[in-house]
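I opened this notebook to record what I looked up in the structure. The entries follow the order in which I consulted the model.

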Amino acid sequence: MSETTDAHTSDAIDYLQVQESEPFRRLRREHRSFVFPLAVLFLVWYFVYVLLAAFAPHFMAQRVWGDITVGLLFGLGQFVTTFAITMGYVAFANRKLDPQSASIRETLEKSEAGA
């Protein structure tokens, strides 16, 4: 049983080595270059909304049209922003990340099948 375990262990993919490989690093770098700036931008936008609601209630209560206030528009803008970020990320992932991850996966599957 020891021989089988040793043989299986030697054929296994070294995922730490994959993680340190240049294609994986490039994939991770591209992912982070999109996600982190957008996350920071969204959080700033969200906290501005919350702070305005807390400390500038008169500004947020200003009527824009009928019963529509600045605060309501900012609140709805949060939903619009969330959907826009999601659609942008999906497009980015389809265009940039998916081909890279498919290539990495294909390489791993070939090495696993060949081992």
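Entry 1, surface. I looked up the accessible area first and found that the protein exposes about 8900 Å². Carbon and sulfur atoms supply 66% of that area. I note here that the model is predicted.

Entry 2, burial. I then checked what share of the 115 residues is buried and obtained 14%.

Entry 3, secondary structure. I counted five helices and two strands in the protein. Along the sequence I read the order α-α-α-α-β-β-α.

Entry 4, contacts. I took the contacts with a separation of 6 or more and asked what part joins residues 24 or more positions apart. The figure is 60%.

Entry 5, nonpolar core. Which residues make up the largest nonpolar core? I listed eight: I13, V18, L27, F92, A93, L97, I104 and L108. Helix α5, which spans residues 70-114, gives the most to this core, with five residues. As background, I recall that nonpolar side chains tend to be buried together in soluble globular proteins. For A93, a member of the core, I set aside the neighbours within four places in sequence and found contacts with D98 and P99.

Entry 6, T69. I located T69 in strand β2, residues 68-69. Is T69 buried or exposed? I record T69 as buried, because its relative accessibility is 17% and the cut-off for burial is under 20%. Not counting residues up to four places away in sequence, T69 touches M60, A61, Q62, R63 and V64.

How values were computed:
Residues are numbered from 1 along each chain as its sequence is written. This is a predicted model: local features need pLDDT of at least 70, side-chain atom pairs count only at pLDDT 80 or more; totals for chains, interfaces and linings use all residues. Side-chain values use heavy atoms; hydrogens and water are left out. Helices (H or I, at least four residues) and strands (E, at least two) are DSSP runs, numbered from the N terminus. Buried means under 20% relative accessible area, exposed over 50%, partly exposed in between (1.4 Å probe, protein chains only). Contact means heavy atoms within 4.5 Å. Accessible areas come from the Shrake-Rupley method with a 1.4 Å probe; for residues, only the protein chains shown count as cover. A nonpolar core is a set of buried Ala, Val, Leu, Ile, Met, Phe, Trp, Tyr and Cys residues joined through side-chain atoms within 4.5 Å.
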